[in-house]
Amino acid sequence: MKPEVVTIGLGYIGLPTSALIASCGTKVLGVDINQNVVDTINKGEIHIVEADLEHIVSSAVKQGNLKASTKAKSANTYLIVVPTPFKGNHEPDISFVESATKGIIPLMKKGDLYIIESTSPIGTTEKMQKLIYNERPDLEGKIYIAYCPERVLPGNVMHELVYNDRVIGGANEVSTQKAIAFYSKYVKGELYGTNARTAEMCKLVENSSRDVQIAFANELSLICDKADINVWELINLANKHPRVNILQPGCGVGGHCIAVDPYFIVSDYPMESKIIGAAREVNNYKPFWCAEKIQNEKLQFELKYGRKPKTALMGLAFKPNIDDLRESPAKFIIQKVIQNSNNNDYFIVEPNIKSHSIYKLTDYKEAIEKADIIVFLVAHKEFKKINFDPNKVILDFCNLN
Ligand code: SAJ
C-alpha cells in the first residue's frame with residue numbers, strides 16, 4: 001500500500017484518528033513501536049477500549065485503507081500522535097515527539113505536511129521545525145509544519161473527533177492553511193487557524209482551566225466541611241446565579257490529561273503561573289484529606305463500638321463509569337488507607353473491572369451489605385441504585401445522590 005497519510009503512534013488518539021481518516025477513503029499507514037498493537041490492528045481488531053472504534057478499524061483494514069506497521073513509509077502527510085509524559089520534577093518529556101520526528105525526516109519530500117497532535121509544551125513545533133531543517137536543509141521553506149491538538153473525551157472519541165471544533169497553528173500562514181485543508185476532509189467542526197505557539201498553549205490552557213475550576217470546588221469542600229455546610233447544596237444554590245457555574249468537588253483530579261497538562265505551563269513559567277500551580281496543589285491534596293477522613297471515621301467507630309469496622313471503598317477509576325485507573329485519586333486513597341492495616345478490614349469495589357493485579361475486588365452489593373462504613377469515592381451509576389441501611393456510616397466524597 002502506498003499511504004497518503006502516516007500516523008506515528010496508535011494509542012487512544014492515534015488509532016481513532018487513523019481510523020477516521022481511513023474510513024473517508026484515504027490510505028493511512030499507522031506506525032507503532034509495539035508489534036502486538038500492529039498485529040492486532042492488521043487483524044482488524046483493537047487494543048484499547050473505545051466505543052464504536054472496532055467496527056471502523058475492521059472495515060477500514062478490510063477495504064485496504066488502514067494498515068499498521070512498526071516502520072514508517074513515505075507519504076504526503078505525517079501526523080505525530082505520541083505521548084508526552086513528564087519527568088521526575090513534572091518537566092515535560094518531548095523525547096517521543098523527537099524520536100517520532102527523527103524517524104520520518106529521511107522520508108520527507110517537498111510539499112509534505114507535518115502535524116503534531118501530541119499535547120506539547122510551548123515551542124515544541126518550533127523545535128521540531130529546527131530539527132527537521134538541520135537534518136534536511138534541502139526542505140527549508142518547502143514543507144508545511146503545524147500543530148493541532150486533539151480535544152476529545154475518552155469514551156466519546158469517534159463522535160468528538162468529527163464534530164469538535166479544532167485549533168490549528170501553523171509554523172507560518174501557508175502551513176496553517178494547508179493543515180486546515182487537510183482536516184476539513186475529515187472534521188465537521190469549525191477549524192480555527194492561528195500560530196503554532198498559540199495552538200500549543202490553547203491545549204494546555206483548556207485543561208488547566210478545568211483543573212483550576214475543579215480546584216475551586218475542592219477548596220470549597222474543605223471550607224464547608226469545617227463550617228458544617230453541605231458543599232453540594234451550596235454549589236447548587238450558588239449556581240442559580242445567572243453568571244456563576246461552579247464545578248463539582250470530588251476526591252481529587254485524575255486521568256492522564258487534566259492532572260498532567262497544567263504542569264507543562266508551570267514548569268516553563270513558574271513565577272507567572274501562581275493560580276495554575278496552586279490549583280494542582282489543592283487537587284493533589286484532596287485525596288490525602290479524604291484518606292484522613294476515612295481513618296478518623298474508623299477510629300471513632302472503634303471507640304464507639306469497641307471493635308474494628310469493616311470498610312467498603314467504592315470505586316477505583318479516575319471518574320464515573322469508566323475502567324481507566326490512570327492517576328486515579330480513588331486508587332491513591334485506597335493505597336493510603338489500607339497500608340499498614342489488615343486487608344480483611346476492607347472491601348474494594350470497582351464494577352467496571354473484573355480483576356485487579358494488587359487488590360482483591362468485591363461485588364458492590366456484597367460490600368455494601370457487609371461493611372460498617374461505606375465510602376463513596378467515584379459516582380458510578382451502579383452505586384446510585386443502592387438503598388442504604390441508615391445505621392451504616394456513609395462517607396460520600398463524590399455526591400452520589
Ligand atoms: N472532576 C471533578 N469535578 C468535576 C469534573 C471533573 O472532580 O466537576 C474530575 C474527574 O472526576 C476526573 C478529572 O476531574 O478525576 C478529569 O475528568 P474530566 O472528565 O474533566 O476530563 P478527562 O481527563 O477525561 O478529559 C479531559 C477533557 N478536557 C476538558 O474537558 C477541558 C478532554 O476534552 C480532553 O481531550 C482530555 O482531557 C485530554 O486528552 O486532554
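**Domain 1, domain 2 and helix H1**

Modeller: Between domain 1 and domain 2 the count of residue pairs in polar contact, both at pLDDT 80 or more, is zero.

Biologist: What makes a pair a polar contact?

Modeller: A polar contact needs N or O atoms within 3.5 Å, within protein one able to donate a hydrogen and the other to accept it, and residues adjacent in sequence count only if both atoms are side-chain atoms. This is a predicted model, in which local features need pLDDT of at least 70, side-chain atom pairs count only at 80 or more, and totals for chains, interfaces and linings use all residues. Residues are numbered from 1 along each chain as its sequence is written, and side-chain values use heavy atoms, without hydrogens and water.

Biologist: Which residues make up domain 1 and domain 2?

Modeller: The assignment (automatic or from a database) gives 5–198 for domain 1 and 227–396 for domain 2. Their contact (heavy atoms within 4.5 Å) takes 15 residues from domain 1 and 12 residues from domain 2.

Biologist: What area is buried between domain 1 and domain 2?

Modeller: About 1100 Å² is buried there, 66% of it from carbon and sulfur atoms; this is accessible area (1.4 Å probe) lost on putting the two parts together, summed over both.

Biologist: Why is helix H1 called largely enclosed by the rest of the structure?

Modeller: Helix H1 (a DSSP run of H or I, at least four residues, numbered from the N terminus) spans residues 14–23, and nine of its 10 residues are buried (under 20% relative accessible area, 1.4 Å probe, protein chains only), so H1 is largely enclosed. Among the buried residues are Leu15, Leu20 and Ile21.

Note on methods: Buried < 20%, exposed > 50% of the residue type's maximum accessible area, 1.4 Å probe, protein only. Helix = DSSP H or I, 4+ residues; strand = E, 2+ residues; numbered from the N terminus.
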